[in-house]
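The exercises below are to be worked with the coordinates open. Please attempt each task before reading its solution.

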Amino acid sequence: MYDRSPLTHDDVYLFNEGSHFRLYEKLGAHPMAHEGEKGTHFAVWAPNAQKVSVLGDFNGWDTESHPLRPRESSGIWEGFIPGVEKGTSYKYHIASGLEGYRVDKADPFALYSEVPPRTASVVWDLNYSWGDEEWMENRQKRNALNAPMVIYEMHVGSWGRVPEEGGRSLTYRELAPGLAEYVRRMGFTHVEFLPIMEHPFYGSWGYQTSGYFTPTSRYGTPQDFMFLIDELHQNGIGVILDWVPSHFPSDEHCLGYFDGTYLFEHVDPRQRIHPEWDTLIFNYGRKEVQSYLLSSALCWLEAYHADGLRVDAVASMLYLDYGRKDGEWIPNKYGGKENLEAIAFLRRFNEEVYKNYPGVQTVAEESTSWPMVSRPLYVGGLGFGMKWDMGWMHDTLEYMSKDPIHRTYHHSRLTFRMLYAFQENFVLPLSHDEVVYGKGSLLRKMPGDDWQKFANLRLLLGYMYAQPGKKLLFMGGEFGQWDEWYHESTLSWHLLDQPYHKGMQRWVQDLNQLYATEPALHEQDFDPPGFEWIDCNDALQSTLSMMRKARKPEDAVVAIFNFTPVPRHNYRVGVPGDGFWRELLNSDARDYGGSGQGSLGGVEASPVPSHGHPHSLNLTLPPLAAVVFKRQA
């Protein structure tokens, strides 16, 4: 042991105050030299421990040979152990001062972990030579609210596998070049990884996080994951990470009951235990827990160059009665069900993220009507950059799953969204949650025979891209996978040998290109002037027509949707100007697997007033199709 510590007095003070946001540089295990001798400095927060020691493969996992010492009254135990190098596996042995509790814990601040099911932490560092300078310098423009953002959501372990080696998952480095090339070719602007943070149970997909500072070692080292992000950035692709501050697993080696007390979680089970997932809930009112979680968030943005954090299960944080029956929850000090401590934490999280990294975005997965989730703090909002529109997803999928003969009676499912579409900065998600647990893939949700299923899915995606809001599509949906997602197997890439699936992939590729190149489809995603219904009342024929507008009037595009398998001939749609209106996209084109019907590439506007406009287009609407037009300059 030694006298000089990397932890300064200010570090300790800020940690206990809840204002230290780079604890990953101070707590945990850090290789260093002291007086010419190499070793590792260890520091862990365990304020109710009577004794803390480090055990590992360097000392035969002896719980007594390498004790740490307390740092004043901070609750931190620390010490320098000579000879312990990078790559050493270790845990903390904690002897609690209460009830004789003894336990071996993984390091809450570990930068790397053993490959599950092993649970020890590994001494590591975050050194990496980045090559994404150009991306980092310009990413604020690429992540701006008026920029195109179409997100490819994916699970690292099941995107691609190696059948010749027992179906193992690709490593981060194996995945990097193929994923970057595919996403760039498809035209997605961002990749969103399901939680990459270490987790003991693979079947949780990462949503039960145990290592808040380490990418899972299942696919490689922290530097390997940095390489993956670096490769994506060098191909012009942003990276969003799912982050889960809402709950954590109760496995013995994790954070729960860490020092023989409920340290990271609440004491009262009505606030401690998540009833839906049987996991533990953070005590957001505890200052050190705030420092811990905010340090985790900033670690991914700083050390890993992440371009955004999507915060999972925000609703479960906001409401004290979430998932609970009467009598199973504790009201706040005003008698309400709002979790005031969690609200304050989320606001501070967004404040610190945007203050330190103005070029990134935070996204809330919030499933209720909580107001102003994506509005600034200074007007009373939670401060997120964007929010998932779960209502749009549920309404639209319910509508699309119905036989077209019944859709006329459910037309409002499509139109209701525009009553609230600009209350938040919405992302339209067709996410992993909709293609698991017996829900079926997107393609299988569609009614009709195979041809109609593909036509309906092309129509659904065309409708999503025309709506105001950023877009998110889970892997496999872009080529119409038949099977619902299963984390233990790879995507059904072989389907791309079949014309319908190849046509679906080409449709998504062209949608992405159109969305990115037409300002009307992204420039005013969050502004009411960017959208106008042309006709939202034709429930009898189950059609919709809308206009998306950019800041320049001449950039406006018109989109029309036929939600029935009946072609609509001589269908008139009002438009704001004369001249030739070119057909930009038609989901019924033969290249996509359609029947090839439409308006022959475009139509001349007639001086026939319609829908409040001085001119109109006389169109042929293909069956189960989306068509997009723009006035030719």
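Three exercises follow, each with a worked solution.

The model is predicted, so local features need pLDDT of at least 70 and side-chain atom pairs count only at pLDDT 80 or more, while totals for chains, interfaces and linings use all residues. Residues are numbered from 1 along each chain as its sequence is written, and side-chain values use heavy atoms, with hydrogens and water left out.

**Exercise 1. Describe the largest pocket.**

Step 1. A pocket is an open set of points on a 1 Å grid over the protein atoms alone, where a 1.4 Å probe fits, with protein on both sides within 12 Å along at least five of seven lines; lining residues have an atom within 4 Å of a point.

Step 2. The volume is about 550 Å³, a volume being the space filled by probe spheres set on grid points joined across faces, edges and corners.

Step 3. The lining comprises 23 residues, and Trp 205, Trp 277, Asp 312, His 432 and Asp 433 are the closest to the centre.

Step 4. Helices H8 (314–318) and H10 (390–400) each supply at least two lining residues; helices (H or I, at least four residues) and strands (E, at least two) are DSSP runs numbered from the N terminus.

**Exercise 2. Examine the length, burial and N-terminal cap of helix H14 (residues 450–466).**

Step 1. The expected span is 1.5 Å times one less than the number of residues. For the 17 residues of H14 this gives 24 Å, in agreement with the 24 Å between its end C-alpha atoms.

Step 2. Buried means under 20% relative accessible area, exposed over 50%, and partly exposed in between (1.4 Å probe, protein chains only). Because 14 of its 17 residues are buried, H14 is largely enclosed by the rest of the structure.

Step 3. Asp 449 caps the N-terminal end, with a side-chain oxygen 3.2 Å from the backbone nitrogen of Trp 451.

**Exercise 3. Locate the backbone exceptions, and state whether Glu 99 is buried or exposed and whether Leu 624 is buried or exposed.**

Step 1. Most residues other than glycine have a negative phi, and most peptide bonds are trans.

Step 2. The bond from Pro 116 to Pro 117 is cis, with omega near 15°. Pro 117 sits in the loop between strands E7 (102–105) and E8 (121–122).

Step 3. Glu 99 has a positive phi of about 60° and belongs to the loop between strand E6 (89–96) and E7. Its relative accessible area of 77% makes Glu 99 exposed.

Step 4. Leu 624 also has a positive phi, near 45°, and lies in the loop between strands E29 (615–621) and E30 (625–631). Leu 624 is buried, at 1% relative accessible area.

How values were computed
Polar contact = N/O pair within 3.5 Å; in protein donor to acceptor, adjacent residues only side chain to side chain.
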